[in-house]
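I opened this entry to keep track of what I looked up, item by item. The order is that of my own browsing.

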Amino acid sequence: MSVPRSNTRLSLPLSPSLSLSLPLSEGQGTELTGLFVERPQENVVIIAGMTDRRTDGKPTVKWLKGKWLDLASKAGKHLQFKETYDRETKVRKYTQTAGAAGAYRCEVTSKDKFDSASFEITVEGKKKRPEDDKPVIDVWELLKSAHPSEYEKIAFEYGITDLRGMLKRLKKMKAEPKPSEAFLKRMESCYSVEKGKKIVLTCEVFDPNVQVKWLKNGQEIKGSAKYIMETIGNIRKLTIMKTTLADDAAYECVVGEDKCFTEVFVKEPPVTITKLMDDYHVVVGERVEFEVEVSEEGANAMWSIFKDTNPAKYRIKKDGRKHMLIILEAGLEDIGMYHCWTNGGHTKGELEVEEKELLVLQDIADLTVKATDQAIFKCEVSDEKVTGKWFKDGVEVLPDERHKMTHIGRFHKLLIDNVKPQDAGDYTFIPNGYALSLSAKLNFLGKEPLTPVPEKHPPKIHLDTTGNMVSQNTIIVVAGNKLRLDVEITGEPAPTVVWSKGEEVLTPASDRPESDQVITATEGRVRVDNRKTLSSFVIEGAEREDEANYTICVTNPAGEDKAKLFVKIVDVPDPPQNVKCLSVGEDSSSMVWEPPAFDGGAPLKGYLMERKKKGSSRWTKLNFDVYEATTYEAKRMIEGVYYEMRVFAINSIGMSQPSITSKPFMPLAPTSEPTRLLVHDVTDGTCTLKWMAPERIGAGGLDGYIIEYCKEGETEWVVANKELCERQGYVVRGLPVGEKINFRVFAKNLAGVSPPATLAQPVTVREIVDLPKIRLPRDLRTKYIRKVGDKINLVIPFQGKPRPVVKWYKDGAPVDEKIVGVRNSTVDSILFIRSAERDHSGKYELVVQIENMEDRATIDLRVVERPGPPTKVKVTEVWGFNAALEWEAPKDDGNCEITGYTIQKADKKTMEWYTIYEHNRRPSCTSSDLIMGNEYMFRVYSENLVGPSEEPGLAYNPPEFKEKDVSCIPTFTQPLLDRSVVAGYSTAMSCSVKGFPKPKIVWMKNKMILGGDPKYIMLNNQGVLTLNIRKPSTFDGGRYSCMAVNDLGQALVECKLEIRSKADENC
C-alpha cells in the first residue's frame, strides 16, 4: 500500500476502543491500517478524535514516543500539538504534527476511564545528492558493541521499531560459535534441570594444564559444597548441587580472553495434592472442615465453590502442608461441590446438609380444671433454640394478664390464670420452621352445685372418659408430668371418698385410719383433695413406680359406688445395652447391641448411632433416620484409628440417654501376601525358608507369619510353627529325607490371615555338609566403641552344616544372659545390649563348633561416657594482664582417653563466661588480655571422645572482702592555742580534726559565724584547719572558736586572741 504525498491524517476514535484509520487516495482500497510503509514528503499530521458523550468533562491527552518519551517536552517547530472542539458533534480532535519515525502511543484519561492507542510510522528518507551522502552506519554493529542500557537510546536515534525482535536475533548471533583456539568443545547453548536436582556443565579445552574461571551472570564462582569444579584432563566440569530458582542464570567458562556461554533453566516441580478432600454429610448448624494436604510446605492452594454465597462465612487456614476450608455453621445454602486447586493437582468434595429432626421429648397433656384455677400446658422438644406459637381452636393465643407463655431451654409452657368457661377448647403448640404440632384439650368443670333436697340419694361417681384416657378407665401419663384427675361426685348426704392403689388406701387426712399410709391433702407428691362434689387425685412429677390400678370408692348412708382406673406411666426408654464391635474391615466395622431393659412403656421406634475418635469429644451421627435393627455396619472410617460408639433408643416419647460407650476398636484389613519367598538352606531333615514383608501391611501392623507344608501330590497341609513366627525366616524341622515338599507362608495381624505366598516348585530334602566359619564384619575387627545408654546389636554371620553349636564368652567366662542378650540362628548369632553400661566393656569371644571342629572370633567392646571435671584447678601466678592456671586430670576419664580441655573466664562484675582455649591438651594454660583491677573466675571442662564433662572444675574464687567501717564523729586532735599579736601584723591560728564522713567546718568569733569577709582566710588541708587574719586591729581581739559537724555529731575548740597596740609595744 502506498501513502499519498500530501498531508496524511490518521483519525483515532478513542471510545469505546481505540483504532487507527488512514484516508486513502483515489483508486486505493478501503482496508484500515495503522502502519506507514513510505513516508510522505510533507509533514505527518495525526488526529485523535473522541466524543464527550462518553466522558465527564475535558479529558487529559498524552502523546508518547517509544515507551517513555513524553512528546509534550519536545514541542517546537517540527513537533506541534493542536486541540479543536466541535459543539454540534461534541467531538474533540487532538492533532500532532510529527517529523520523526518510530512507535507512538496516544493515552486519554478522564476521571476513572482510561484508553490508549499505539501505532508505528516507518519513514523512507529522500534520495540525496551524492555529495550529501554520509557513511552508512551498521546498527547491528552498534548493538553488538553497546551496553544493554544503551539499546533503547540507539533504537530511538536510528528509528528501530522492532527492538525486541532485533535483540532476539542479536542474542542468536552472539551465541553462534566462533573458531576458538582455547576450546575444543564448547558447552551446550542451554541446559534444563528440575528444582532440587544437580546439573553438570561440561566443556573441553585445548590445553590440559590451563586454568579456567566459571562465571554466573558475570560474577566469578568460588568452589564450595554448592559449586564443585573438576578438572579431568582436557575436560572442565562445573557441578551445581541441589539447584534452586536462584541458579536459573547465564554461565560462562573463561580461558584467558576466550569464553564459552550457556544458560541454565531451573524448572519448579508442580505442587501435587497428597491427601484428597473428603465428602461431608452434616446437619444444619454443624461445623465443617474440608482438609487437603499438598506435597510442599508453604505452597499456595486455591479454594472455590460453584455458588454465589457470602465469603465472610468461610475461613481458610494453612498449617504447614495442610490447607483447610472451615464453615463454622453449615446451612442449606452451603450444599454443593467444593474444589481445591494447586498448580499440579485438583480435588473436590461434596457437602450435604440436612435439616435437624425435631424430637418431642414430652408431649402436651390434656387438662381438666375448674373455675378460678390455673391451667398449665407444658411440652419439651429436643432443640433449645426452637421457638414456637400457641393456638386455641386455630386462633393464635396472644399474651395478656391471664395468658402467659414461657420458653426456658427445651421447655415451652402456656399458663392460663383464673380459668373461665370460654377457656375450654383445643390448644396447639407449633414450633417455628417445622411441620409439627402438639395438641391437648382443656376441660372446664363449672357446673352449678346441686340444690340440696331432704331426700337421700345414693352416691354416684361421674368419670370423664375423655381427655387422658386412651381406652376405658386407662390414663396415660408421661413421666415427669403432672396428673390431676378431677372426679365429680353426687349423693345426699355428701359421700365419703377413699382412693386406693392396689391394696394401699389413699385417704384424706380427716378420714384416714391410724394404720393407713398417710398422704395429706395439701402436701406430698401423691395426694387426694376432696370437696363436697369433687374429688381430685394428684400425682406431681409422675414416676414409673406410680403405674398401677387405682380405685375410688364413695359411700354414704344411701349406698356405695366404686370405679377403677389404670394409670400407665410412659417415659423415654433406657439406654441400649452391651454395645460392642463384632468385626472390622479396612474402612468399616460391624456393631451389635441389645435392646434397652425398659422400653419406656411405649414401643421402640428404633435407634440412633454416634461414633467418635478415641480421645476426641466430637461425636458424629451415623444415621439421621431411625434405624430399627440392632446390628449396624459403620463405613467411611479411617484404617488404624481407634473409634468409640454409642447408641440411643427412641420411642414415641423421646430419645433415651446414650448407652455406655463401646470398647475402642480399630478398622483393620489383613495384609497382602508375603513377597519373595525362597529356600535359603536344605539339610537331611530341615528346610530354611526366607521371605520379605508384605507390600501392604496397613494400620493393623503385622503380628507374625504362619508356615505350612505338605508332600507333593497330597492336599493335607501341616502347620510347621506352633506359635507365630515374628522373623522373616523359619527353619522347618522333622521333614522326611528324599521327599518333595511344598511350602506356603501366611501373614497374620489383628484383622486375620493374608493370602498365602507359595514356591513355584517343590523342595527335595537332602543333607549338605559345611565346616564352621565365622565371618566377622570389618568394623568389629578393631576396638568397638559405644556410648553409655546406646543400644548394642552385634550380628555375627557364620556358616556350617549341620547346624553348629554357638557359645559366647566375656573375658574368658560364659556371658550372663541376664545382663547380655544372645540369640542364635542357623546362619548368625546376635549379641544385644538394650542399654550399654560401663560394666559391659570387655573382650567378647564367639565360638562356633561342629563336633570336633570350631572357629573363634574376638570382639573388643568398650563403653564410654563423658569424663568427670578436672581436679585441683588453681591460679598459680598473676602478673600484669596475665594469669597462669594449672589443674590435674579428672578422676574419671569416662573409660577413654582425655583429648583436651576447654578453659573459660568470667569477669565477676558481669559473670558472662567466655571461652579462651578449646581442645587444650596440656593441664595448664595462661589467660591474657585481662583488665587490671578486675576480679576474674575461671572454669575448666575436660573432654574425651564422647564430649565435654557435664560439670566444670572451678578455679580461682577469691574470698569476699569486708570493708572496714571507718565512720566516726568529729574529734579535734590538736586544739586552738591562745595567741597575743601586735596590731597591724597578720596572724594565723591552726588546729586539726578527724571524722568520717568528712565534717563541715565553721569558724566563729565571739560565737558569731565569720562570713565572707576577705580579711579572714579559712583553709582545710587534709584535716589541718587554719584561719589567717590579715593585719588585725584591736577590734579583732576576742574569743575564736572552730566547730566541725557531720552526720554523727559535732566538736568545738576555742582560743583567745589578744591584739596589742604598737604604742604598748614601744613602751
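Where does K1007 lie? I found K1007 in the loop between β80 and β81, the latter spanning 1008-1009. Before going further I note that this is a predicted model.

**Backbone entries**

I looked up phi for K1007 and got a value near 65°, which is positive in a residue other than glycine. I then checked burial: K1007 has a relative accessible area of 67%, so I put it down as exposed, the cut-off for that being over 50%.

I went on to K872, another residue with a positive phi that is not a glycine; the angle is about 50°. K872 is in a strand, β70, which covers residues 871-879. Its relative accessibility is 59%, and K872 therefore counts as exposed too.

Which residues does a cis peptide bond join? I noted F996 and P997, with omega at about 5°. I placed P997 in the loop between β79 (987-996) and β80 (1000-1005).

**Whole chain**

I counted secondary structure next: the chain has 85 strands and four helices. The chain runs to 1067 residues, and 38% of them count as buried. For contacts between residues at least 6 apart in sequence, I recorded that 61% join residues at least 24 apart. The exposed area of the chain is about 63,100 Å², with 50% of it supplied by carbon and sulfur atoms.

**Largest pocket**

I looked up the volume of the largest pocket and wrote down about 1,200 Å³. The lining has 32 residues, and those closest to the centre are Y280, R611, R618, T620 and R636. I sorted the lining by class and got 15 charged, 14 nonpolar and three polar residues.

Which strand gives the most to this lining? The entry is β20, with four residues. I listed the strands that each supply at least two lining residues: β20 (280-283), β21 (288-294), β48 (604-613), β49 (620-621) and β50 (631-634).

**E289**

I stayed with β21, since I wanted to look at E289, and that strand is where E289 is placed. With 28% relative accessibility, E289 counts as partly exposed, because the value falls between the 20% and 50% cut-offs. Setting aside neighbours within four places in sequence, I found E289 in contact with Y280, M324, L325 and I326. Y280 had already come up in my notes as one of the residues closest to the centre of the largest pocket.

What does the side chain of E289 make a polar contact with? I recorded the side chain of R287, at 2.9 Å. I also took the C-alpha separation of E289 and K317: it is 9.9 Å, for two residues 28 apart along the chain.

**D247**

Is D247 buried or exposed? Its relative accessible area is 2%, so D247 is buried, the cut-off being under 20%. I located D247 in the loop between β16 (235-240) and β17 (249-255). Apart from neighbours within four places in sequence, D247 is in contact with K216, K226, Y227, I240, K242, V264 and V266. I240 is also the last residue of β16, by the range I noted for that strand.

Methods:
Residues numbered from 1 in each chain as written. Predicted model: local features only at pLDDT ≥ 70, side-chain atom pairs only at ≥ 80, totals over all residues. Heavy atoms only, no water. 1 Å grid on protein atoms, 1.4 Å probe; cavity = no way out; pocket = protein on both sides within 12 Å on 5 of 7 lines; lining within 4 Å. Points joined across faces, edges and corners; volume = space filled by probe spheres on them. Nonpolar A, V, L, I, M, F, W, Y, C, P; charged D, E, K, R; others polar. Buried < 20%, exposed > 50% of the residue type's maximum accessible area, 1.4 Å probe, protein only. Contact = heavy atoms within 4.5 Å. Polar contact = N/O pair within 3.5 Å; in protein donor to acceptor, adjacent residues only side chain to side chain. Areas by Shrake-Rupley, 256 points an atom, 1.4 Å probe, with all protein chains shown as cover.
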